[in-house]
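Hi everyone, thanks for making time for this. I'll walk you through one structure, so have a look at it on the screen before I start.

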Amino acid sequence: MKITELIRKKKQLLSFEFFPPKKVENDHILFETIDDLKGFSPDFVSITYGAGGSTKDKTISWTVKLQKDYKIETMMHLTCITSEENEIKLILDELYTNGVENILALRGDYPKDGVDYKISTEFKFASDLVRAINIDGRFCIGVAGYPEGHIEASDIYSDIDNLKRKLDAGGSFIITQLFFDNRYFYNYLELLHKKGINVPVFAGIMPITSFSQVERFKKMCGVDIPDNLINLLSDKSEDDTFKIGVDYAISQCEDLLKNNVSGLHFYTLNRSDATKIILNSLGHFNCE
Ligand SMILES: Cc1cc2nc3c(=O)[nH]c(=O)nc-3n(C[C@H](O)[C@H](O)[C@H](O)COP(=O)(O)OP(=O)(O)OC[C@H]3O[C@@H](n4cnc5c(N)ncnc54)[C@H](O)[C@@H]3O)c2cc1C
């Protein structure tokens, strides 16, 4: 089922993001996580696409497996920065034949130094990919949004102009980058509305479960970690850090739900422990 149809049926959606394990011997971890989380009846789950298409086959195979065998609505992430149109066409055909109807269309990050890759001559931005996918209307397309602005963007306004290009090309909903201060999210929604963007925006949630993540998130995604959270987390044991990070995410989610967020999208990192505690604490997930 297309996510746009789920949006019509429910007020607030719940989704989980997984990545395809690198090694087959770790597949069981993802299977266990999915088994652990499926009791929360996610509206859909998503499978990431490794930088530069590095996990292409595994991403497709996990997406198809979850959609067909597990009968969970699955959205595949697809990046275009190192792909040409023929390759994208083949991937789309394979997905469609196997009942996958939802794609998160992304530009992707440039692969790390030392990795051999060729930049696409046909796709420069995610909007180019959205246009190519939308050509025959087979798929429901989601796009990425950045409440604090994309790391390469000169400012949030130009980034929102570019987000609009993705929606005008055929994107139907937005999933955000993780954030730790809801004020960024609410301010973003306001800016989107001013720009005439009224599609659902799902909030990307990732609880901090270890102190090393603080610097990593700042550097990788350019997100602001509020001082009060950093103060709470510093010099704490592993167990306390986990508890503080999860409690913080619970308050964040409670506030978002109260303020009618269209959906919560959990970056699970293939682990169920933090997400489970958060969802149990939120109680009944509002799904009228
Ligand atoms: C929910 C979510 C899931 C993700 N999943 C993955 C994944 O599975 N695999 C992966 O590799 N990465 C993933 N990413 C990361 C993403 O690929 C990177 O953030 C990447 O740098 C940008 O991708 P995009 O689709 O937002 O690009 P775009 O929308 O193309 O934007 C990239 C930059 O270009 C600018 N821009 C866009 N259009 C124009 C234009 N016409 N002219 C000038 N500038 C323009 C934008 O403002 C922005 O700064 C994910 C991100 C999010 C938020």
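**Helix pairs and the ligand**

So, H10 and H11 are oblique to each other, because their angle of about 45° is neither under 35 degrees nor in the 65 to 115 range. One thing to keep in mind: this is a predicted model. H10 covers residues 238–258 and H11 covers residues 273–282, and their axes sit 9 Å apart. As for handedness, H10 and H11 make a right-handed crossing.

Now a second pair, H6 and H7. Helix H7 is residues 182–194, and the axes of H6 and H7 come within 11 Å. They cross at roughly 60°, and so this pair is oblique as well. Which way do H6 and H7 cross, left-handed or right-handed? H6 passes H7 in a right-handed crossing.

Okay, let's move to the ligand. There are 24 residues around the ligand, and the ones that come nearest are Tyr49, Asp109, Tyr146, Asp159 and Lys166. What kinds of residues make up that shell? We get 11 nonpolar, seven polar and six charged.

Let's go through a few individual contacts. Take Tyr146, one of those nearest residues: an N or O atom in the side chain of Tyr146 is 2.7 Å from an oxygen atom of the ligand. Arg107 uses its backbone instead, with an N or O atom there lying 2.8 Å from a ligand oxygen. Then there's Asn162, where a polar side-chain atom lies 2.9 Å from an oxygen atom of the ligand.

How much of the ligand does the protein cover? On its own, the ligand has 980 Å² of accessible area, and the protein covers 86% of that.

And which elements supply the shell? Those giving two or more residues are strand S3 (74–79), strand S4 (102–106), helix H6 (156–168) and strand S6 (173–178). The largest share comes from H6, with four residues. That's the H6 we just saw crossing H7 at roughly 60°.

So if you go back to the picture, start with H6: it crosses H7 right-handed, and H6 also gives the largest share of the shell around the ligand. Thanks, happy to take questions!

Technical notes:
Residues numbered from 1 in each chain as written. Predicted model: local features only at pLDDT ≥ 70, side-chain atom pairs only at ≥ 80, totals over all residues. Heavy atoms only, no water. Near = heavy atom within 4 Å. Polar contact = N/O pair within 3.5 Å; in protein donor to acceptor, adjacent residues only side chain to side chain. Areas by Shrake-Rupley, 256 points an atom, 1.4 Å probe, with all protein chains shown as cover. Nonpolar A, V, L, I, M, F, W, Y, C, P; charged D, E, K, R; others polar. Axes fitted to C-alpha atoms, helices over the stretch in contact; angles between N-to-C directions. Parallel < 35°, antiparallel > 145°, perpendicular 65-115°, else oblique. Left-handed = near helix turned anticlockwise from the far one by under 90°.
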